[in-house]
Amino acid sequence: EIMARMKADNHRYWANDNVAEYLAKGEKEKLIDEAEAAFELVLDALLIDRENDPNSSGTARRLAKMYLNEIPEGRYTKKPNVTAFPNEGTDAYDGMITIRAEIKSVCSHHHQPVAGVAYIGIIPNGKVLGLSKYIRLAKWHARRGTLQEELTNRIANSISEETGAKDLAVYIQATHGCVTCRGVGQENSLTQTTVLRGLFKTDPEVKKEFMDNIKTQQMYAGSGN
């Protein structure tokens, strides 16, 4: 029924799209029930005895709740409330702001976990967000099936839409379960993606300041502070 409503509106529902507006009250719980039944079939197909194995009892329900309420919850929840504050007049700040956001996601190819950090750099243009809002936006976009390249762009687009800023950057470094746990099994693999816009792309000094800020934040996080 939900798919029919989205198709009628030509609303795309890819793994990294948000579908919250199409979920009526109580329908999320029904989706969990439906997903539980589907996961039971998957476990049966894998020849896992979910009736007698105590470690597999209830696993289908746990998987269903995890997929709807936790790892890709950004698909099923509305965008967090974002308050933009004016940045004008004699006290207007025209320097760089750099924010660190710890993010978790899931690869849309193999549904393996992705964990990492997003660094957001912005030179305000009339409006700024509360510091926690940059982090909330990044986490909301991350919590769905996606590719890191897409996620980097989505975070940049979202912040640009909320602030009107032209000069911004997003840098993400993350580990991917589809690389560490399967396939090549590269335990220490790290994927880095960068989106640079405005002065972050055209001015070498601005880009250097952003990268230096990232190094400082990495050192600070590494010290346990």
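Student: Which residues are exposed on the other side of H2, away from the buried ones?
Tutor: In this predicted model, Lys30, Glu34 and Leu41 are the ones exposed on that other side of H2.

Student: And which residues of H2 are buried?
Tutor: The buried residues of H2 are Glu27, Lys28, Ile32, Ala35, Phe39 and Leu43. They lie on the same side of H2, because the arc they cover around the axis is only 145°.

Student: Why would residues a few places apart point the same way?
Tutor: An α-helix has 3.6 residues a turn, so residues three or four places apart point the same way.

Student: What do the buried residues of H2 pack against?
Tutor: They pack against H1 and against helix H3, which runs over 59-69.

Student: How far does H2 reach from its first C-alpha to its last?
Tutor: H2 has 19 residues and reaches 27 Å between those two atoms, which is close to the 27 Å expected at 1.5 Å a residue. Just after H2, leucine 47 takes a positive phi of about 60°.

Student: Switching topic, what is the volume of the largest pocket?
Tutor: Its volume is about 510 Å³, and 15 residues line this pocket, with Ile2, Met3, Leu31, Glu34 and Tyr76 lying nearest its centre. Two or more lining residues come from each of helix H1 (2-8) and helix H2 (27-45).

Student: Which element gives the largest share of that lining?
Tutor: H2 does, with five residues. Glu34, one of the residues nearest the pocket centre, is also among the exposed residues of H2.

Student: What is the lining like by class?
Tutor: The lining of the largest pocket has 10 nonpolar and five charged residues, and no polar ones.

Definitions and conventions. Residues numbered from 1 in each chain as written. Predicted model: local features only at pLDDT ≥ 70, side-chain atom pairs only at ≥ 80, totals over all residues. Heavy atoms only, no water. 1 Å grid on protein atoms, 1.4 Å probe; cavity = no way out; pocket = protein on both sides within 12 Å on 5 of 7 lines; lining within 4 Å. Points joined across faces, edges and corners; volume = space filled by probe spheres on them. Helix = DSSP H or I, 4+ residues; strand = E, 2+ residues; numbered from the N terminus. Nonpolar A, V, L, I, M, F, W, Y, C, P; charged D, E, K, R; others polar. Expected span 1.5 Å × (residues − 1). Buried < 20%, exposed > 50% of the residue type's maximum accessible area, 1.4 Å probe, protein only. Arc of directions from axis to C-beta. Contact = heavy atoms within 4.5 Å.
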